[in-house]
Amino acid sequence: MKITYPVARILGTIAESKASDLSVPVAIALTDGKGGLLFFGRMDGTLPASTEIAISKAYTSAVLHMATHELGKLAQPGGELYGIQHTHNGKIVLFGGGIPLQLNGQVVGAIGISGGSVNEDVQVAEYVVNALEEMESWAKRIKVFLPSQPLENIWISQLENRLKEAFEQMNCALSTDAPSFLAGAILLVDSVRQ
């Protein structure tokens, strides 16, 4: 089970949407479960330092299976992980904005956000974590309606546009991110079948 590039791309778009709502330009990094970079984006106006910080936040959360703000608490002087930030060639980050991503209760990747205040970075990252949870929930519900062969060849933007058009024709009120959530859910169906 893993986060695929198409799902990471959708999650990156969702992060950008949330950051725009907060009027905060951020760098967005998504990694696989081993900390390997899957997706990176940087909004216009983001500080240059935010690039490496976002990537390091995602890496930290992926390889340690914990949120960076939680790790920061454990790494205080006298804490059981004091000094951990000096390992892994300095890639370990101790402040908020990095959170593991889970599917079926297993860490399969992480998101790192940098560019706003620590609180804003955490808000954007948590929004993405919640979006993935919602996608997984939808995937479990819709898997019986989709073909059994892998869905990797679906063009994401076409899928999102078709979903948006279908819901508009049905006069369903959707949030801005709803087509992305649903497209992500369809892509996650293969993961929840396992």
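Me: Accessible areas come from the Shrake-Rupley method with a 1.4 Å probe, and for residues only the protein chains shown count as cover. What area does the chain expose?
Reply: This is a predicted model: local features need a pLDDT (the predictor's confidence in each residue, from 0 to 100) of at least 70, side-chain atom pairs count only at pLDDT 80 or more, and totals for chains, interfaces and linings use all residues. Residues are numbered from 1 along each chain as its sequence is written, while side-chain values use heavy atoms and leave out hydrogens and water. Carbon and sulfur atoms supply 52% of the exposed area. The total exposed by the chain is about 10000 Å².

Me: Which element has the lowest mean pLDDT?
Reply: The chain averages 86, and 82% of the residues score at least 70. Strand β1 (residues 27-32) has the highest mean among the elements, 98. Where pLDDT is low, the predicted coordinates should not be read in detail. The lowest mean, 67, belongs to residues 156-169, helix α5.

Me: In what order do the elements run?
Reply: Elements are DSSP runs numbered from the N terminus: helices are H or I with at least four residues, strands are E with at least two. The chain has six helices and four strands. From the N terminus the order is α-β-β-α-α-β-β-α-α-α.

Me: Which strand is joined to β1 by six bridges?
Reply: Two strands pair if DSSP finds at least two bridges between them. β1 has five bridges to the antiparallel strand β2 (residues 37-42), with L30 partnered by F39. That pair is a hairpin with four residues between the strands, and G35 in the turn has a positive phi of about 90°. The six bridges, also antiparallel, lead from β1 to β4.

Me: Which residue of β4 stands opposite D32?
Reply: Strand β4 (residues 106-114) is also joined to β3 by six antiparallel bridges. There, P100 stands opposite A110, and the bridge partner of L101 is G109. Opposite D32 stands G109.

Me: Why is β3 largely enclosed, and how many of its six residues are buried?
Reply: Buried means under 20% relative accessible area, exposed over 50%, and partly exposed in between (1.4 Å probe, protein chains only). In the whole chain, buried residues make up 46% of the 194 residues; in β4 they are seven of nine. β3 (residues 98-103) is largely enclosed by the rest of the structure because its buried residues number five.

Me: Which element gives the most residues to the largest nonpolar core?
Reply: A nonpolar core is a set of buried Ala, Val, Leu, Ile, Met, Phe, Trp, Tyr and Cys residues joined through side-chain atoms within 4.5 Å. Of the 36 residues in the largest one, L11, I28, L30, I111, I113, L132 and M135 touch the most other members. The elements giving two or more residues are α1 (5-21), β1, β3, β4, α4 (118-142) and α6 (178-192). The most, nine residues, come from α4.

Me: What share of the contacts with a separation of 6 or more links residues 24 or more positions apart?
Reply: Contact means heavy atoms within 4.5 Å. Leaving aside neighbours within four places in sequence, I113 contacts residues including A15, I28, A54 and A125. For the chain, the share is 68%.
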